[in-house]
Every structure is written in C-alpha cells, then in structure tokens.
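Work through the exercises below with the structure open. Try each task before you read its solution.

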Amino acid sequence: MATATRRRPPVDEWLTLTEVLTELKITRATWYRWRDRGLTPEAKLTPTGRIRVRRSVLDAFQEELDAA
C-alpha cells in the first residue's frame with residue numbers, strides 16, 4: 001500500500017531588491033523614482049536597512065503591470 005506524502009505549501013520567500021530589479025527589468029534609479037511616487041510593490045526594510053519584497057506581492061504587482 002502506498003503511503004501518502006504531504007507536500008508543503010510553497011514558501012512565500014523574501015526577495016532582495018536586486019532580484020526584484022532583475023525580474024522587473026528596471027534600474028535602481030527607476031525603483032526609487034517609482035517608490036517616491038508610490039508605484040512600487042509593498043516592501044519591508046530589514047533591521048540592517050535592506051529592502052525585501054515578498055514573492056507573492058511581486059507576482060501580483062507584475063500581473064497588474066501586464067494588465068495595464
């Protein structure tokens with residue numbers, strides 16, 4: 001009898017700003033310009049001041065861009 005294996009749900013990983021910029025194909029200057037205008041996906045700062053974005057938030061943001 002086969003044993004059922006449980007799969008873990010995918011982890012909603014935190015992406016670095018560099019990873020986000022690569023996926024969006026934009027420069028760091030564009031990111032900060034968009035941020036100043038309130039157009040970037042929701043991001044968090046780490047205690048060391050690094051910017052991180054959740055994978056799910058970036059995916060939703062990209063879907064919005066594609067729909068526009």
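**Exercise 1. Classify Phe-61 as buried or exposed, then find its ring partner.**

Step 1. Phe-61 has a relative accessibility of 11%. It counts as buried because buried means under 20% relative accessible area, exposed means over 50%, and partly exposed lies in between (1.4 Å probe, protein chains only).

Step 2. This is a predicted model: local features need pLDDT of at least 70, side-chain atom pairs count only at pLDDT 80 or more, and totals for chains, interfaces and linings use all residues. Residues are numbered from 1 along each chain as its sequence is written, and side-chain values use heavy atoms, without hydrogens and water.

Step 3. Rings of Phe, Tyr and Trp (its six-membered ring) pair if their centres lie within 6.5 Å; planes under 30 degrees apart are stacked, over 60 edge-to-face, the rest tilted. The count comes to one aromatic pair. Trp-34 and Phe-61 form it, with 6.4 Å centre to centre and 55° between the planes, so the pair is tilted.

Step 4. Trp-34 lies in helix H2 (residues 28-36) and Phe-61 in helix H3, so the pair ties together parts that are 27 residues apart in sequence. Helices (H or I, at least four residues) and strands (E, at least two) are DSSP runs, numbered from the N terminus. Trp-34 is partly exposed, at 22%.

**Exercise 2. Which element gives the largest share of the largest nonpolar core?**

Step 1. A nonpolar core is a set of buried Ala, Val, Leu, Ile, Met, Phe, Trp, Tyr and Cys residues joined through side-chain atoms within 4.5 Å.

Step 2. The largest one has eleven residues, including Val-20, Trp-31 and Phe-61. H1, strand S3 (51-54) and H3 each give two or more residues. The largest share, four residues, comes from H1.

Step 3. Look at Val-20. Leaving aside neighbours within four places in sequence, Val-20 is in contact (heavy atoms within 4.5 Å) with Leu-15, Trp-31, Val-53 and Leu-58.

**Exercise 3. Trace the salt bridges of Arg-55.**

Step 1. A salt bridge is a side-chain nitrogen of Lys or Arg within 4 Å of a carboxyl oxygen of Asp or Glu. The structure holds four.

Step 2. Arg-55 bridges to Glu-23, with the closest N and O atoms 2.6 Å apart. This pair links distant parts of the chain: Arg-55 is in helix H3 (residues 55-67), Glu-23 in helix H1 (residues 17-24), 32 residues apart.

Step 3. Arg-55 also meets Asp-59 in a salt bridge (3.3 Å, N to O). These two are four residues apart in H3, so about one helical turn separates them.

Step 4. Glu-13, Glu-23, Arg-55 and Asp-59 are linked in a network of salt bridges.
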